[in-house]
Structures are given as C-alpha cells and as structure tokens.
Amino acid sequence: MLNKAKIKEILHQRFVNDTHVKLCDLPMPSCLKDVYKGALRIKEAIEKNQKLAIVGDYDVDGVISCVILSEFFDDIGFDYIVKIPNRFKDGYGLNEEIINELDGVDLIITVDNGIAAFDAAELCLKKGIDLIITDHHMPPATLPKAYAIINPKQQDCEFPDIEICGAQVAWYLVAAIKEVCKINYNMCKFIELLSVAIIADMMELRDLNRALVRKGIGYINESKRVAFKAIKQNYGKDKFGLDDISFLIAPLINSAGRMDDAIISYKFLHSKNYDEVKGYLEQIITYNNSRKNEERELFKQCLEQVNENDPVVIVNGQNWHEGVLGIVASRLAKHFNKPAFVFSECEQKAKASVRSVGKIDILNVIEQVKEYVLSYGGHKGAAGVLVELEQFDIFKNKLNQICKNIPKEDFYNADEVLGSIDPNEVDFELLEILEFYEPFGHKNPRPYFKFNKLFVKNKKILGKEENHIKLILTQGNKTLEALFFNFDYEPQIGESIDFIAGVFKNNFKGLITPQLTIKEILK
C-alpha cells in the first residue's frame, strides 16, 4: 500500500538521469549541426536586405515556430514573408507550388518541416534560392540538397539524445543569429511559447523539455502577450495552470489549422493589437466548437468499425475531415489502449493520422511496412501515413501481423499506475507532491492509483449527452469526490467499487480540494 513518502520516491526516480534541469544547464546552439552556417546566411540576408520567407506548418508547433522567428525579425527591424501551408489546399510542408508562389525570394527558412522536401529543395537550387531547413522529424537516409539542415536527429549532430520540437529548433536558430550578429537579445521572451509547443507536440516531458515547461507556465502568467490576455479574459481565468496548456491553449491554437487556415492562429499569437486579437479569438473559438462537433461524430463512426480482437485500431472512411483525424486517433488509442490509424479516403488514396500507446514506437512499426506506403513521417508517439487504396488491405493485414508480435507489456506504460493507495493519503499534501513533479505527459505520465472497496454514497449524471458521472465515495470517515468521464460502467448507490483514478486539484470559488478522476472501474 502506497503512502506519500513512497509516491515521492517513485516519482523522483523518473528524473535521476536528467542533466538539463535548469535553464542555465540547457545545451548550447553549437550542439546543433549547421546552426551557425544557417545563422551566418541569415546575417548576410539581413545585411544585404534580401527577401526572406519563413515556411511553417499548420499545427501548434509549426505556428509557434513561425511566431518565434518573425517576432525576432520584427524586433531587429528586418522584413520577411510568412507562409503557413493550408492543410486542405497546400498539404503538408514546403512544396513546388509554394516556392513558385514565393517567387523572388532569396532565402527560405522552413520551420517544423522540410526534412523530406526533396523536390522543393531541387527547385530552390534551380531558382537560385538558398534553403535552410529547420525540423525535428526523423530524417530519411538521404537528405534534401539544402544550404543548411538544422535537425537534432540527423547524423553527426551533437545535440543530446532528447527529443525536442520544431519551435525549440527555431529558438536555437534565433540564439545563433543573435550570436553571429552580436545582438543583445532576451531569449527568455519565447519560453512561454516554447512550453505550449512542447506540450502540444507531445514531446518527452523530461530533462530540458521539463525545465522549459515548468519555467514557461510562470512566463505565460506574467506575459504581456495580447493573445494570452485575451484567453484569460474570455475564459475568466486569473492565472493559467499547466493543464490549461494541454486542454485550453493548445487546442485553441490548433483549431484554425484543423478547420480552416492556421494563418489565423499565427496572427492571433503575433498581433499586438487587442481588438484585432479578440476578433481572431472569436474566429478560433468558432473553429474549436466545429472541431469538437466533427470529432464527436467521427469518433462514433469509428467505434462502429473497430474489431476489438485486432491488436491495432485501423478505421477508414470516404472524405473524413482531415483536421480531426489526429484527435480521433488519439481518442481511439486511449479508449482501446492500442495504436490507432484513422484513414480518410480520397481519389484512390488513403491518408491517416496515427497515434501510439505505451512504449510502442509507431514510426518503427510503419517502417516495417514502408513498401506498401506512398509516404510517411512523424515521431515515436504520433505519425502520418499515405497509402494507395489498392494496397490498403495488404497494409492493414501486415500491420495487424506486426502488432500481434509486440509484447503485451509494451502496450502499457508501467510508470502510470503506481499501486494501491489508502484513501486517507489523498489530501492537500498529496496534491503538492504531485504538483512538484508536473508537467505530466509523454515519458512522465500522470500518476494513477488503485483504490479498493470504496462505498458509493451518492451519484449524479452530468453532460449534455449524460455520458459523465459524479460520485461521492466513502471509506470509514474519509469522503472523496470522483468524476468518471465517458463512463462505461455505472455504479449503483450502496455498491462497493475498486477502480483506477488520478488525483487532481479542484478549485471551486478559491477553495482547493483533491478530486479523483476515474480512469477505469475494475469489475
């Protein structure tokens, strides 16, 4: 049976090998291959007043990467163009159409994309455009012919073996430009944005990522950035907590790129005019509500297709909304505790968003069937894949065969359920211990506990669709409140239940109390 001292000891063990625990410990820009080559080329562009374009990506990481570079150029008075591809019109990343659209530029910098942009790099060479690729996705065996490639995963790069997001790579490039241009510039001004990108892109919340996010939440709350002020005012928040990054800020920024055009989220974060930002936020909230409706409907359709005996979830449909494939894949992966592939079929091709579970490296799984795919990319926990429809059934069968051979324990994160706990251990002190080890996420999963034989004293059904339940639970003299979202089992008043739950902070009118969130009722 766990007590608070044991919980503290278990959580402390997760970080014993971390070497970059403070901002002053972070790796230097010099660890990144080509970062100074790229920075010197940008310095030349600044000195010669050449035409420069930043090409981003339509997710949170890509949008924030664009904001970091463009805000730096604003601050030093250098002009630039920003192009964020539209998910529906342009597709992902730098391509030939975008380069033709940017005709007349001398230098293109990609952020959070470009590591597989072979045709685009060739066209840049033909047009005499220098191309600097900054990316964090897994590089192919052969790299595009670019002026400079800054990616911590490429060979001969001395950056520590820690997965970082695209915005962090862009931030390091800015640090290198600052250095070669001998500019006095405060790099900490972007830590608020980096913390959002790290969490949104599901990076490992260990080592330097943890250091940046823990510092970042403080910076967000002190921020003069108009976008954060607008979110606070709209949602009536005095201050943001770490969970607000995951469940409020990141989904809002993501929604424009999912439903329409990510340039709106870029302008929302980049603008310094409050009225302008409020207008963008209204648009973004509308997109986010549409996204929730699309997601709800698509999730229902997917559930009808799932074969629960298969070791992997693979679902597909005609012209499913590409903007919500990733969220639905994430929900399916959590729901079934299996990797999930959600395919949208269009013009004899099927395009999927993929999410993993436990310790399964989903990119490695896809690589084992790459002969059946047109293209793929991503990282360990999340990926994208494109297949010909005529190859779809073979691809599906091969995936099932591979996943059948994955050890069962790899589907689970052994770090997640710490063990059984006495309900009397759930108090304000436990909340403080858990808060110390935040942020929780990839490689630092939120701790869950097993509760045994709690008596259901009262219950209340919640939600428009009556799919959530609030329970009042007792054991001896201890009373606890618990929420069970999207419940699959409804306990009855008077019943004694065993369950797995996390311990969360409930802040009601300034009164902070522990509240359980049930993950599973053990029947």
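Here are some notes on the sheets, cores, helices and backbone oddities of this predicted model.

1. **The parallel sheet.** Five strands make an open sheet, ordered S2-S1-S3-S4-S5, and the pairing is parallel. Strand S2 (81-83) and strand S5 (148-150) sit at the edges with a single partner strand each, so one side of each has no neighbour in the sheet. On average, neighbouring strands here are turned by 15° against each other, direction ignored.

2. **A pair to look at inside that sheet.** Strand S3 (residues 107-111) runs parallel to strand S4 (residues 130-134), and five bridges join them. If you want a spot to click on, find Ile108, which stands opposite Leu131 in S4.

3. **The mixed sheet.** There is another open sheet of five strands, in the order S6-S7-S8-S10-S9, and here the pairing is mixed. Its edge strands are strand S6 (313-318) and strand S9 (375-378), each of which pairs on one side only. From one strand to the next the twist averages 15°.

4. **S7 and its two partners.** Strand S7 (residues 340-346) pairs with strand S8 (residues 349-355) in the antiparallel sense, over seven bridges. Phe341 has Val354 as its bridge partner in S8. With S6, S7 pairs in the parallel sense over six bridges, and Val315 stands opposite Val342 in S7. Is S7 enclosed or open to the outside? Six of its seven residues are buried, so S7 is largely enclosed by the rest of the structure.

5. **A helix across the mixed sheet.** Helix H15 (residues 392-404) lies across S6, S7, S8 and strand S10 (382-388). Relative to S6, H15 runs at about 165°. Phe395 falls in the range of this helix, and leaving aside residues up to four places away in sequence, Phe395 touches Phe341, Phe343, Val369, Tyr372, Val373, Val385 and Val387.

6. **The largest core.** Nonpolar side chains tend to be buried together in soluble globular proteins. In this model the largest nonpolar core has 129 residues. The members that touch the most others are Phe73, Val196, Leu332, Phe341, Phe343, Val385 and Phe395. Which helix gives the most to this core? That would be helix H6 (residues 166-180), with 11 residues.

7. **A second core.** A separate core of 30 residues also turns up, and its members include Leu2, Leu418, Leu473 and Ile521.

8. **Helix H13.** Helix H13 (residues 325-336) has 12 residues and spans 16 Å from its first C-alpha to its last, close to the 16 Å expected at 1.5 Å a residue. Its buried residues are Leu325, Gly326, Ile327, Val328, Ala329, Leu332, Ala333 and Phe336. Among the elements covering them are helix H10 (242-259), helix H12 (274-305), S6, S7 and S8. Leu332 is worth a second look, being one of the residues that touch the most other members of the largest core. Right after H13 comes Asn337, with a positive phi near 55°.

9. **Helix H16.** In helix H16 (residues 428-436), the buried residues are Leu430, Leu431, Ile433 and Leu434. Looking down the axis of H16, you'll find them within an arc of 160°, so they line one face of the helix. They pack against helix H1 (4-13), strand S12 (448-462), strand S15 (496-508) and strand S16 (511-522).

10. **A cis peptide bond.** Most residues other than glycine have a negative phi, and most peptide bonds are trans. The bond from Glu438 to Pro439 is cis, with omega near 0°. Where is Pro439 placed? Look in the loop between H16 and S12.

11. **Two positive phi values.** Lys453 isn't a glycine, but its phi is positive, at about 55°. Lys453 is in strand S12, and at 58% relative accessibility it counts as exposed, because the cut-off for that is over 50%. Asn486, not a glycine either, has a positive phi of about 50°. Asn486 is in the loop between strand S14 (478-484) and S15. Is Asn486 buried or partly exposed? With a relative accessible area of 45%, Asn486 is partly exposed.

Terms used:
Residues numbered from 1 in each chain as written. Predicted model: local features only at pLDDT ≥ 70, side-chain atom pairs only at ≥ 80, totals over all residues. Heavy atoms only, no water. Pairing = 2+ DSSP bridges. Helix = DSSP H or I, 4+ residues; strand = E, 2+ residues; numbered from the N terminus. Axes fitted to C-alpha atoms, helices over the stretch in contact; angles between N-to-C directions. Contact = heavy atoms within 4.5 Å. Core = buried A, V, L, I, M, F, W, Y, C linked by side-chain atoms within 4.5 Å. Buried < 20%, exposed > 50% of the residue type's maximum accessible area, 1.4 Å probe, protein only. Expected span 1.5 Å × (residues − 1). Arc of directions from axis to C-beta.
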